[in-house]
Amino acid sequence: CSTPLVWKYSIYVTAPVDGKDAEKAFDDSGKQQWQAVFSNETAGKHRNGSGCNASPVTDGEAVFVNFKSGTFAAVNLDGTVRWETDLVQRFGPDERYWDQGTSPVLTKNHVVMARMHAGDSWVAAFDKVSGELAWKVDRNYKVPKECDQCYTTPLVIDRDGRQMILVW
C-alpha cells in the first residue's frame, strides 16, 4: 500500500509478511535482496489498507519506515535493523478514522514523524543513528472534530540556513 522508494539500484517497499510489519528490498530486476520483519502485527482498518501505508524514506545509509501498528524503525541498506521502537506503546494508540498514511521525513540529523488525530497529537524528531527521541511538540490547541484527523506527511523546508517543518 505504500509508495515504493527507489535508491540507486534498489527498490524498497513496506508490506505485511506473515501478518507482521516488514520492509522489503528488491534489485532493479525485481529480485528480492532482503526483508526485515518487525515485532508488531500489521494492523489495518480499511479493506484496501494493510497498516503499511506509509512510504519509506532514505538518507542513503538507512531506510526509515512507519506502520499503523506503531512500528517505527531504521534499517541499514544491507537489511540489518539499526533500531526499532513502538510509537503506540510510547505515545498511545493511533486514533485516526482511516488507516494512517503519514510517512517519515528527514532533516540533516533526524527522522521526523507527525501524528495528528482525535487523541494526543504531536510532531517528533528522532536521531537517525540511535532512534532516541530528540524533541517532541504537542498540538495543544482545540480543533473542530472534522479537522482533527491528518494523513499528510510533514514538509521539510530550508530557509535562511535553517530547516523548518510544516505540518498540515
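## A strand-rich chain, from surface patch to core

Met164 has its place in strand S14, and that makes a handy starting point for a walk through this predicted model. With a relative accessibility of 34%, Met164 counts as partly exposed because that value lies between the 20% and 50% limits. Together with Leu155, Ile157 and Leu166, Met164 forms a nonpolar patch on the surface, and the four residues have about 330 Å² of accessible area together. Strand S13 (155-159) and strand S14 (162-166) are the elements that give two or more residues to this patch.

Now for the chain as a whole. Its secondary structure amounts to one helix and 14 strands. The chain has 168 residues, and 46% of them count as buried. About 9,100 Å² of the chain is exposed, with carbon and sulfur atoms supplying 51% of that area. If you look at contacts between residues at least 6 apart in sequence, 45% of them join residues at least 24 apart.

**The four-stranded sheet**

Strands of a sheet pair through backbone hydrogen bonds, in either a parallel or an antiparallel way. Here, four strands make an open sheet in the order S5-S6-S7-S8, and the pairing is antiparallel. Strand S5 (57-58) and strand S8 (81-86) stand at the edges with a single partner strand each, so one side of each has no neighbour in the sheet. Strand S6 (residues 62-66) and strand S7 (residues 71-76) are joined by five bridges in the antiparallel sense. To find one of these pairings on your screen, look for Phe64, whose bridge partner in S7 is Ala74.

**The nonpolar cores**

Phe64 also belongs to the largest nonpolar core, which has 14 residues. Phe64, Phe72, Trp83, Leu87, Val111, Trp122 and Phe126 are the members with the most contacts inside this core. At least two residues each come from S6, S7, helix H1 (87-91), strand S10 (110-115) and strand S11 (122-127). Of these, S11 gives the most, with three residues.

What is Trp83 in contact with, leaving aside its neighbours within four places in sequence? The contacts of Trp83 include Phe64, Phe72, Ala73, Ala74 and Val111, as well as the run of Asp127, Lys128, Val129, Ser130 and Gly131. Another core, of 12 residues, lies apart from the largest one, and Tyr12, Val65, Phe67 and Ala73 are among its members.

**Salt bridges**

Side chains of opposite charge can pair when their charged atoms come close. The count for this model is three salt bridges, listed here with the distance between the closest N and O atoms.

| Salt bridge | Closest N and O atoms | Accessibility |
|---|---|---|
| Asp59 and Lys128 | 3.5 Å | Asp59 partly exposed, 26%; Lys128 buried, 11% |
| Lys136 and Asp138 | 2.7 Å | Lys136 partly exposed, 31%; Asp138 partly exposed, 44% |
| Arg159 and Asp160 | 3.9 Å | Arg159 and Asp160 both exposed |

The pair of Asp59 and Lys128 links distant parts of the chain, with their positions 69 residues apart in sequence numbering. Asp59 sits in the loop between S5 and S6, while Lys128 sits in the loop between S11 and strand S12 (133-138). Lys128 counts as buried because its 11% relative accessibility is under 20%. Lys128 is also one of the residues in contact with Trp83.

How values were computed. Residues are numbered from 1 along each chain as its sequence is written. This is a predicted model: local features need pLDDT of at least 70, side-chain atom pairs count only at pLDDT 80 or more; totals for chains, interfaces and linings use all residues. Side-chain values use heavy atoms; hydrogens and water are left out. Buried means under 20% relative accessible area, exposed over 50%, partly exposed in between (1.4 Å probe, protein chains only). Contact means heavy atoms within 4.5 Å. Accessible areas come from the Shrake-Rupley method with a 1.4 Å probe; for residues, only the protein chains shown count as cover. Two strands pair if DSSP finds at least two bridges between them. Patches are made of residues with over 30% relative accessible area and no salt bridge: like charges are joined within 9 Å, nonpolar side chains (Val, Leu, Ile, Met, Phe, Trp, Tyr) within 5 Å. A salt bridge is a side-chain nitrogen of Lys or Arg within 4 Å of a carboxyl oxygen of Asp or Glu. A nonpolar core is a set of buried Ala, Val, Leu, Ile, Met, Phe, Trp, Tyr and Cys residues joined through side-chain atoms within 4.5 Å.
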